Amino acid sequence: GFEVSFEWDDGKITSAAIKSKNGGDCSIYSKNPIIIYCGKEKIQPIFPKDNNTYTFTSETGYVYEIKYC
């Protein structure tokens, strides 16, 4: 599972943090482009047929920062 927290500004999500509880694939649906970081490392997501879904492999206990462009 995952724990998710969001930061908002004027009713819109500006960033999110996802903590991986068990590791494994994490998928995020976003109509707007996002960038995924783990610490200072930029994570390269896997894009399935739907380019609005960002999937990456998470590791147990790591926190992934999501920045909305």
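Student: Which residue in E2 does Asp9 stand opposite?
Tutor: The model is predicted. Strand E1 covers residues 2–9, and strand E2 covers residues 12–20. The two strands run antiparallel and are joined by eight bridges. Opposite Asp9, in E2, stands Lys12.

Student: In what order do the five strands of the open sheet lie?
Tutor: The pairing in this sheet is antiparallel. Strand E1 and strand E5 (41–43) are the edge strands, each pairing on one side only. Neighbouring strands are turned against each other by 25° on average, direction ignored. The order is E1-E2-E7-E4-E5.

Student: Is Val4 buried, partly exposed or exposed?
Tutor: Val4 is found in strand E1. With Phe2, Phe6 and Trp8, Val4 makes a nonpolar surface patch of about 420 Å². Buried means under 20% relative accessible area and exposed means over 50%. Because its relative accessibility is 46%, Val4 counts as partly exposed.

Student: What is the relative accessible area of Gly24?
Tutor: Gly24 is found in strand E3, residues 24–29. The class partly exposed lies between under 20% and over 50%. Gly24 is partly exposed because its relative accessible area is 31%.

Student: Which residues does Gly24 touch, not counting those up to four places away in sequence?
Tutor: Contact means heavy atoms within 4.5 Å. Gly24 and Glu59 are 35 residues apart along the chain, and their C-alpha atoms are separated by 6.5 Å. The residues that Gly24 touches, leaving out those up to four places away in sequence, are Phe2, Phe56, Thr57 and Ser58.

Terms used
Residues numbered from 1 in each chain as written. Predicted model: local features only at pLDDT ≥ 70, side-chain atom pairs only at ≥ 80, totals over all residues. Heavy atoms only, no water. Pairing = 2+ DSSP bridges. Helix = DSSP H or I, 4+ residues; strand = E, 2+ residues; numbered from the N terminus. Axes fitted to C-alpha atoms, helices over the stretch in contact; angles between N-to-C directions. Patch = residues over 30% accessible without salt bridge, like charges linked within 9 Å, V, L, I, M, F, W, Y side chains within 5 Å. Areas by Shrake-Rupley, 256 points an atom, 1.4 Å probe, with all protein chains shown as cover. Salt bridge = Lys/Arg side-chain N within 4 Å of Asp/Glu carboxyl O. Buried < 20%, exposed > 50% of the residue type's maximum accessible area, 1.4 Å probe, protein only.
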